[in-house]
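User: I'm new to reading protein structures. Could you walk me through one, feature by feature?

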Amino acid sequence: MLFRSPQVIEFRQEAFFRHLFAVNEPDCYGVLDLARKESVLYVPQLPESAVRWQGPMRSAEHYCTTYGVQSTKFASELAQDLVARGIKKILVLKGLNTDSGSMTKTTAEFDGMEQFAVDEATLHPVLVELRVIKTPREIELLRKACRMSAQAHTYVMRHMKAGMTEFQCEALFKAYTGYFGGARYQAYTYVSRLP
């Protein structure tokens, strides 16, 4: 028998989804119903046993208040809700990242999707263009993040010693950004390339 442990990395929300919905939770879908000018968040329906590990289930009102969406439903209701809204065509995120040369890896798929016309070409270029434009607040936050990252790199260089592993250097970097910068997450997640 051959076993291999799965590679576990921290959850990182898809950037366009986070930009549009400000949601940092896995397995969600978001719909912007342009005809109704409404945003809807579809969340996973977890089994009762999940309470033990994740705490009490959140209410629909929690998601609406926290993320500013007009309504929240379970992800299992997505296709049924789109039909009830009279939606016949859906635009999904698919496109080329011009920085990395990689295609989008998070194009939405859900049960019942085959009953809709799916447009994979329109959304990506529009969202890319929207994210290029930054508000003064976004620019200031980017400056702060860059400043903190530069300081963290300097901190790591000053405290590294011969024989330290890359993991130990990463720990110093995360400790600095967390302790001095108040940052729980970093912009780029380390992923081991071990076979």
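Analyst: Sure, and let's begin with a word we'll need a lot: a residue is buried when its relative accessible area is under 20%, exposed when it is over 50%, and partly exposed in between (1.4 Å probe, protein chains only). By that rule, buried residues make up 26% of the 195 residues in the chain. Keep in mind that this is a predicted model, where local features need pLDDT of at least 70 and side-chain atom pairs count only at pLDDT 80 or more, while totals for chains, interfaces and linings use all residues. Residues are numbered from 1 along each chain as its sequence is written, and side-chain values use heavy atoms, with hydrogens and water left out.

User: Which helices and strands does the chain have, and in what order do the elements run?

Analyst: Helices (H or I, at least four residues) and strands (E, at least two) are DSSP runs, numbered from the N terminus. Here the chain has 7 helices and 5 strands. Reading from the N terminus, the order is α-β-β-α-α-β-α-β-β-α-α-α. Along the principal axes, the C-alpha atoms fill a box of roughly 65 × 50 × 35 Å.

User: How do I read a sheet?

Analyst: Strands of a sheet pair through backbone hydrogen bonds, either parallel or antiparallel. The rule for pairing is that DSSP finds at least two bridges between the two strands. In this model, an open sheet of 3 strands has the order 1-2-3, with mixed pairing. Strand 1 (29–33) and strand 3 (71–74) are at the edges with a single partner strand each, so one side of each has no neighbour in the sheet. From one strand to the next, the twist averages 25°.

User: Where does the mixed pairing show up?

Analyst: Look at the two pairs in turn. Strand 1 and strand 2 run antiparallel and are joined by 5 bridges, and D33 stands opposite E38 in strand 2. Strand 2 (residues 38–43) pairs with strand 3 in the parallel sense, over 4 bridges. In strand 3, V40 has S71 as its bridge partner, and V43 has F74.

User: Is strand 2 buried or exposed?

Analyst: Start with the general idea: in a regular strand the side chains alternate between the two faces of the sheet. For strand 2, 6 of the 6 residues are buried, so the strand is largely enclosed by the rest of the structure. E38, V40 and Y42 are on one side, S39, L41 and V43 on the other, and both faces are covered. Helix 3 (residues 60–67) lies across strand 2 and strand 3, and runs at about 135° to strand 3.

User: What about phi? Which residues have a positive value?

Analyst: Most residues other than glycine have a negative phi, and most peptide bonds are trans. Two cases to look at here are A22 and K37. A22 has a phi near 60°, and it is found in the loop between helix 1 and strand 1. With a relative accessible area of 47%, A22 is partly exposed. K37 has a positive phi of about 55° although it is not a glycine, and it belongs to a hairpin with 4 residues between strand 1 and strand 2. At 74% relative accessible area, K37 is exposed.

User: What does C28 touch?

Analyst: Contact means heavy atoms within 4.5 Å. Leaving out residues up to four places away in sequence, C28 touches F17, V23, L41, Y42, V43 and P44. C28 lies in the loop between helix 1 (15–21) and strand 1, and counts as buried at 14% relative accessibility.

User: And how do I describe two packed helices?

Analyst: Two packed helices are described by the angle between their axes and the distance between the axes. Axes are lines fitted to C-alpha atoms, for helices over the stretch in contact, and angles run from 0 to 180 degrees between N-to-C directions. Helix 6 (residues 136–159) and helix 7 (residues 166–179) pack at about 135°, with their axes 9 Å apart. They are therefore oblique to each other, since angles under 35 degrees count as roughly parallel, over 145 as roughly antiparallel, 65 to 115 as roughly perpendicular and the rest as oblique.

User: Which residues of helix 6 and helix 7 meet?

Analyst: On helix 6, M148, S149, Q151, A152, H153, Y155, V156 and H159 meet C169, L172, F173, Y176 and T177 of helix 7. These contact residues divide into 8 nonpolar, 5 polar and no charged. For that split, Ala, Val, Leu, Ile, Met, Phe, Trp, Tyr, Cys and Pro count as nonpolar, Asp, Glu, Lys and Arg as charged, and the others, Gly among them, as polar.
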